[in-house]
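Got the viewer open and a hand on the selection box? Here is a short walk through the model, one stop at a time.

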Amino acid sequence: MNLDFNNIILFFIGSFIFTICFKKRLNIANYFNLIDRPNQKRKIHKQDTPLTGSLSVFIFFIFLSAYNLIFNYQDSALLIIFICSSLIFLIGAYDDKNNLSPYLKLILISLIFLIFLISNENFIIQNVFFSSINKKYIFSQYMGIFITILCLLLLINSLNLVDGINSLANLIVTIWLIYILFTNDNYLNDIFKFFVFFIFINNFFIYKGKYFLGDSGSLFYASIVGMLAIYNYNILLTQTNESGVENIFILFMIPGFDMFRLFIERILKNQNPFSADNNHLHHFLIRIFSLKETLFIYFLLVVMPIALSFYSNINKLLIIITTAIFYFLLIFILKNFCIKKQK
């Protein structure tokens with residue numbers, strides 16, 4: 001890691017922040033009223049749980065970003081990620097406390113992205129290269145901004161929908177960040193490699209139900225992942241001129257397929273597409289398997305297509321189509337099994 005300070009010191013600072021936030025999680029949650037209370041309709045946990053699962057990572061992120069902006073400042077990219085994701089974290093925290101309208105939340109997040117995308121074109125999707133068919137599409141700046149905001153919102157919503165059982169969203173974010181950071185090489189990745197370590201460690205405590213991510217965590221993580229993915233894609237496309245967009249799609253497609261299916265099903269039933277239910281992939285899995293088994297199955301579903309994408313002789317489009325067929329077949333089987341189990 002190309003940092004000017006000792007990594008051991010950085011580790012102890014992160015560990016100190018993590019320890020304080022964990023030990024004081026109940027005090028913090030009660031003070032800000034960031035508590036997830038169980039109900040009979042949807043939630044399966046049995047006691048009030050703090051929604052502070054990402055607070056230590058957020059504070060460490062502020063420290064890490066501030067240090068690098070002061071002493072290792074190189075361009076505005078880190079500043080964009082820092083401000084955008086921090087503002088989105090605050091929107092998520094407000095939503096955890098006051099239950100914002102999903103439409104108002106989307107509007108506020110869209111405005112944040114819009115303001116900062118205009119200031120740095122490295123985060124705008126303007127060139128899309130499909131390596132499977134060797135086709136490149138170039139968009140105007142305004143169309144690129146629209147497509148970028150749409151993609152970021154879809155990613156944010158997909159992760160938010162996944163955050164329904166202990167540690168699943170945090171686990172998926174860990175997978176996403178490891179892939180993004182270790183398949184590209186630039187100074188932003190060096191900064192975030194230490195950051196992802198604490199997200200990984202946090203999996204254990206969320207798995208044990210000590211606290212939940214809440215909207216603050218899922219929105220915060222998704223915004224960072226989305227902006228990093230776009231930034232790295234644009235940099236790699238500039239350097240090699242052959243960075244396939246299929247790699248990004250493969251990375252996000254399992255939560256994406258689940259979101260797409262849920263939205264279509266809700267619309268066909270004349271329901272609000274943002275309404276909550278228990279029809280997600282992880283809900284079907286958890287009705288049949290244990291939490292540990294569910295996390296492992298979901299992990300395989302996300303990782304296997306990514307692993308296959310590293311083989312250059314396998315067409316990326318074929319991986320996407322095969323995974324889509326497998327996903328919808330799996331949903332069909334799980335749904336029918338759960339229906340028979342209830343009878």
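Before the first stop, one bit of vocabulary: Asp, Glu, Lys and Arg count as charged, while Ala, Val, Leu, Ile, Met, Phe, Trp, Tyr, Cys and Pro count as nonpolar, and the others, Gly among them, as polar. Also keep in mind that you are looking at a predicted model.

**Stop 1: the cavity**

Select Leu262, Glu265, Arg266, Lys269, Gln271, Asp277 and Asn279, and you have the lining of the largest cavity. Its volume is about 30 Å³, and the structure holds one cavity of 30 Å³ or more. What classes of residue make up the lining of this cavity? It has four charged residues, two polar and one nonpolar.

**Stop 2: a pair from the cavity wall**

Keep Arg266 and Asp277 selected and hide the rest. These two form a salt bridge, with the closest N and O atoms 2.9 Å apart. Arg266 sits in helix H10, whereas Asp277 is in the loop between H10 and helix H11 (281–288), so the salt bridge ties together parts that are eleven residues apart in sequence. Buried or exposed, what are Arg266 and Asp277? Both Arg266 and Asp277 are buried.

While you're here, add Asp258, Arg261, Glu265 and Lys335 to the selection: salt bridges with shared partners join these four into one network. Across the structure there are six salt bridges.

**Stop 3: Lys105 and its two partners**

Now jump to Lys105 and show its side chain along with that of Asp95. They meet in a salt bridge of 2.7 Å, N to O. The pair links distant parts of the chain, ten residues apart: Lys105 belongs to helix H5 (residues 102–117) and Asp95 to helix H4 (residues 77–98).

Next, add Asp215. Here too there is a salt bridge with Lys105, and the closest N and O atoms are 3.2 Å apart. Since Asp215 lies in helix H9 and Lys105 in helix H5, this pair ties together parts that are 110 residues apart in sequence.

Why do these three residues count as buried? Buried means under 20% relative accessible area. Lys105 counts as buried because its relative accessibility is 12%. Asp95 comes in at 5%, so Asp95 counts as buried, and Asp215 is buried with a relative accessible area of 15%.

**Stop 4: the second largest pocket**

Select Cys151, Leu154, Ile248, Phe249 and Phe252. Of the 28 residues lining the second largest pocket, these lie nearest its centre. The pocket's volume is about 740 Å³.

To see where the walls come from, colour strand S3 (127–130) and helices H6 (141–162), H9 (214–240), H10 (246–268) and H13 (316–342); each supplies at least two residues of the lining. Which element gives the largest share of the lining? That would be H10, with ten residues. Now colour the lining by class: 23 residues are nonpolar, four polar and one charged.

**Stop 5: Thr294**

For the last stop, pick Thr294, which you'll find in helix H12 (residues 291–309). Thr294 is buried, with a relative accessible area of 0%. What does Thr294 touch, leaving out residues up to four places away in sequence? Select Ile165, His282, Leu285, Ile286 and Phe289, and you have its contacts on screen.

Definitions and conventions:
Residues are numbered from 1 along each chain as its sequence is written. This is a predicted model: local features need pLDDT of at least 70, side-chain atom pairs count only at pLDDT 80 or more; totals for chains, interfaces and linings use all residues. Side-chain values use heavy atoms; hydrogens and water are left out. On a 1 Å grid over the protein atoms alone, a cavity is a set of points where a 1.4 Å probe fits but cannot get out, and a pocket is an open set with protein on both sides within 12 Å along at least five of seven lines; lining residues have an atom within 4 Å of a point. Grid points are joined across faces, edges and corners, and a volume is the space filled by probe spheres set on the points. Helices (H or I, at least four residues) and strands (E, at least two) are DSSP runs, numbered from the N terminus. Buried means under 20% relative accessible area, exposed over 50%, partly exposed in between (1.4 Å probe, protein chains only). Contact means heavy atoms within 4.5 Å.
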